[in-house]
Amino acid sequence: MATAQRARWNHARRLGLALSLLTDPVLDRLITHRARFDELPQVLARLAGGDSETLCQRIDYPD
């Protein structure tokens with residue numbers, strides 16, 4: 001965040017914008033991979049290993 005914008009874009013405002021963007025279905029196109037929570041260790045290993053195909057990883061938590 002640019003210093004000049006910090007006064008206008010405090011933490012609460014940035015968080016509010018981020019959470020509102022999560023509800024925009026257009027951004028779902030950025031999710032390239034999905035995995036269940038129990039697969040998280042394998043997912044993290046893949047990402048840490050330099051996976052260049054994943055743009056945004058989604059983790060689905062159990063109900």
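What follows is a chat between a biologist and a modeller about a predicted model of one chain.

Biologist: Let's start with the fold. In what order do the elements of the chain run from the N terminus on?

Modeller: Keep in mind that this is a predicted model. The chain has 2 helices and 2 strands. Going from the N terminus, the order of those elements is α-β-α-β.

Biologist: And how does the chain compare with a compact globule of 63 residues; what radius of gyration does the chain have?

Modeller: The C-alpha atoms fill a box of roughly 40 × 30 × 20 Å along the principal axes. For a compact globule of 63 residues you'd expect a radius of gyration near 11 Å, but the chain comes out at 16 Å.

Biologist: What share of the 63 residues counts as buried?

Modeller: The cut-off for buried is under 20% relative accessible area. The accessible surface of the chain adds up to about 5400 Å², and carbon and sulfur atoms hold 59% of that. Of the 63 residues, the share that counts as buried is 6%.

Biologist: How far apart do the centres of the positive and negative side chains lie?

Modeller: There are two sets to compare here, 9 positive side chains and 8 negative ones. Take the centre of each set, and the gap between them is 13 Å.

Biologist: On to threonine 54. Is threonine 54 buried or exposed, and why?

Modeller: Threonine 54 sits in the loop between α2 (40–48) and β2 (57–60). Its relative accessibility is 17%. Buried means under 20%, so threonine 54 counts as buried.

Biologist: Which side chain joins threonine 54 in a polar contact of 2.2 Å?

Modeller: Threonine 54 has a polar contact of 2.7 Å with the side chain of arginine 46. Leaving out residues up to four places away in sequence, threonine 54 touches Thr32, His33, Arg46 and Leu47. The 2.2 Å polar contact, though, links its side chain to that of aspartate 51.

Biologist: Now glutamine 57. Why does glutamine 57 count as buried?

Modeller: Glutamine 57 belongs to strand β2. Buried takes a relative accessible area under 20%. Glutamine 57 is therefore buried, with a value of 19%.

Biologist: Which residue shares a side-chain polar contact of 2.6 Å with glutamine 57?

Modeller: Not counting residues up to four places away in sequence, glutamine 57 touches His33, Arg34, Ala35, Val43, Arg46 and Leu47. The side-chain partner at 2.6 Å is arginine 46.

Biologist: How about glycine 50: buried or exposed, and why?

Modeller: Glycine 50 is in the loop between α2 and β2. Exposed means over 50% relative accessible area. Glycine 50 has 56%, so the label is exposed.

Biologist: How far apart in space are glycine 50 and alanine 2?

Modeller: In sequence, glycine 50 and alanine 2 are separated by 48 residues. In space, going C-alpha to C-alpha, the distance is 29 Å.

Biologist: Last one, asparagine 10. The side chain of asparagine 10 has a polar atom 3.3 Å from which backbone nitrogen?

Modeller: Asparagine 10 lies in the segment before α1 (11–21). At 42% relative accessibility, asparagine 10 counts as partly exposed. Arginine 58, 48 residues away in sequence, is 27 Å away in space, C-alpha to C-alpha. The backbone nitrogen 3.3 Å from a polar atom of the asparagine 10 side chain belongs to alanine 12.

Technical notes:
Residues numbered from 1 in each chain as written. Predicted model: local features only at pLDDT ≥ 70, side-chain atom pairs only at ≥ 80, totals over all residues. Heavy atoms only, no water. Helix = DSSP H or I, 4+ residues; strand = E, 2+ residues; numbered from the N terminus. Rg over C-alpha atoms; globule rule 2.2 N^0.38 Å. Buried < 20%, exposed > 50% of the residue type's maximum accessible area, 1.4 Å probe, protein only. Areas by Shrake-Rupley, 256 points an atom, 1.4 Å probe, with all protein chains shown as cover. Lys, Arg positive; Asp, Glu negative; His and termini not counted. Charge placed at Lys NZ, Arg CZ, Asp CG, Glu CD. Polar contact = N/O pair within 3.5 Å; in protein donor to acceptor, adjacent residues only side chain to side chain. Contact = heavy atoms within 4.5 Å.
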